[in-house]
Amino acid sequence: MQGGDRIIMEGKDSPLDLPRLLSPPTPTPPQTQSKTMLLAATTKSAMQRQIWPLMRSPLMRPVVAPCRGFAKGSPTHVVMHEMREADSLHAVQGTSGRHTLYSDLMPEAGGGNKGPGPKEYVLTALGSCTLITMRIYSDLMIKERKWPGKTIEKMSVTCSEHGDDHHVPTRIEVRVSLKSNLDEDQIRRLMAAAGKCPVKRMLLGGIKEGITTVVDKD
């Protein structure tokens, strides 16, 4: 797909077309072989029985989920406080690690527009997570020479909500703009990887134990 082409990601995720792990060979030494050859075959078979289970373990198997742990080191909580300023009664300020965040409503909704609205942050999280996931995956494929001669000059993601409900959209569209020399199969693999970004999985019900709300009284 050449520069300027666009791809729309929506619906359910497509599984990654990952390479299969090779099955361990089963030695079948001929009945007429010498004792030396039989000993060698037996030793090789014993080594395979010992080594192959290790190769199938999560620590030794080839990397098939390159984006696993890409959020390592990120803060695990965000603290938000009301600002309660005269010109904006709904503005809030938050901290996430070393970053300061602001959120507010639009004037039409009674806010002072001092920062993105809460739903804007959701779309921002989805778009940035999708884009980062795509770049990590594509960089890995190019670095390991699985996509020889391929480059991605530019990528961008636009997330938009659709539907009549002003609170919860009926649908969210993720539109990817890709300028590269990837072929159709490589683009399909890239989109499959993007569809598995952590934020999308969270939004589609990937939080197994749900979201709980508790109260801390002063």
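**View 1. The largest pocket of this predicted model holds about 1300 Å³ of space.** A pocket here is an open set of points, on a 1 Å grid over the protein atoms alone, where a 1.4 Å probe fits, with protein on both sides within 12 Å along at least five of seven lines. Grid points are joined across faces, edges and corners, and the volume is the space filled by probe spheres set on the points. The model is predicted, with local features needing pLDDT of at least 70 and side-chain atom pairs counting only at pLDDT 80 or more, whereas totals for chains, interfaces and linings use all residues. Residues are numbered from 1 along each chain as its sequence is written, and side-chain values use heavy atoms, leaving out hydrogens and water.

**View 2. Here is the lining of the largest pocket, made up of 28 residues.** Lining residues have an atom within 4 Å of a grid point. To find the centre of the pocket, look for V78, Y121, A125, V199 and M202, which lie nearest to it. By class, the lining has 18 nonpolar, nine polar and one charged residues. In this scheme Ala, Val, Leu, Ile, Met, Phe, Trp, Tyr, Cys and Pro are nonpolar, Asp, Glu, Lys and Arg are charged, and the others, Gly among them, are polar. Which elements each supply at least two residues of the lining? They are β4 (99-103), α2 (118-143) and α4 (198-206), and α2 gives the most, with eight residues. Helices (H or I, at least four residues) and strands (E, at least two) are DSSP runs, numbered from the N terminus.

**View 3. Helix α2 is shown along its 26 residues.** From its first C-alpha to its last, α2 reaches 37 Å, close to the 38 Å expected at 1.5 Å a residue; the expected span is 1.5 Å times one less than the number of residues. The buried residues of α2 are L123, L126, G127, C129, T130, T133, M134, Y137, S138 and M141. Buried means under 20% relative accessible area, exposed over 50%, and partly exposed in between (1.4 Å probe, protein chains only). Y121 also sits in α2, and this tyrosine is partly exposed, with a relative accessible area of 29%. The C-alpha atoms of Y121 and S103 are separated by 8.4 Å, and the two residues are 18 apart along the chain.

**View 4. Three strands form an open sheet in the order β2-β3-β4, with antiparallel pairing.** β2 (79-82) and β4 stand at the edges with a single partner strand each, so one side of each is left without a neighbour in the sheet. From one strand to the next, the twist averages 25 degrees; axes are lines fitted to C-alpha atoms, for helices over the stretch in contact, and angles run from 0 to 180 degrees between N-to-C directions. Two strands pair if DSSP finds at least two bridges between them. Four bridges link β2 with β3 (residues 92-96): among the partners, M80 is matched with G94 of β3, and E82 with V92 of β3.

**View 5. Next comes the hairpin of β3 and β4, which has two residues between the strands.** G97 of this hairpin takes a positive phi near 65 degrees. Five bridges join the antiparallel strands β3 and β4. Two pairs to pick out are V92 with S103 of β4, and T95 with T100 of β4.

**View 6. Two loop arginines, R84 and R145, have positive phi.** R84 has phi near 50 degrees although it is a residue other than glycine, and its place is the loop between β2 and β3. Is R84 buried or exposed? R84 is exposed, with a relative accessible area of 51%. R145 follows α2 and lies in the loop between α2 and β5 (152-162). The phi of R145 is about 60 degrees, and R145 is exposed, with a relative accessible area of 71%.

**View 7. Finally, E173 is seen in strand β6 (residues 171-180).** This glutamate is buried, with a relative accessible area of 12%. E173 and S160 are 5.3 Å apart in space, C-alpha to C-alpha, and 13 residues apart in sequence. For the wider setting, the chain comes to four helices and six strands, and 24% of its 218 residues count as buried.
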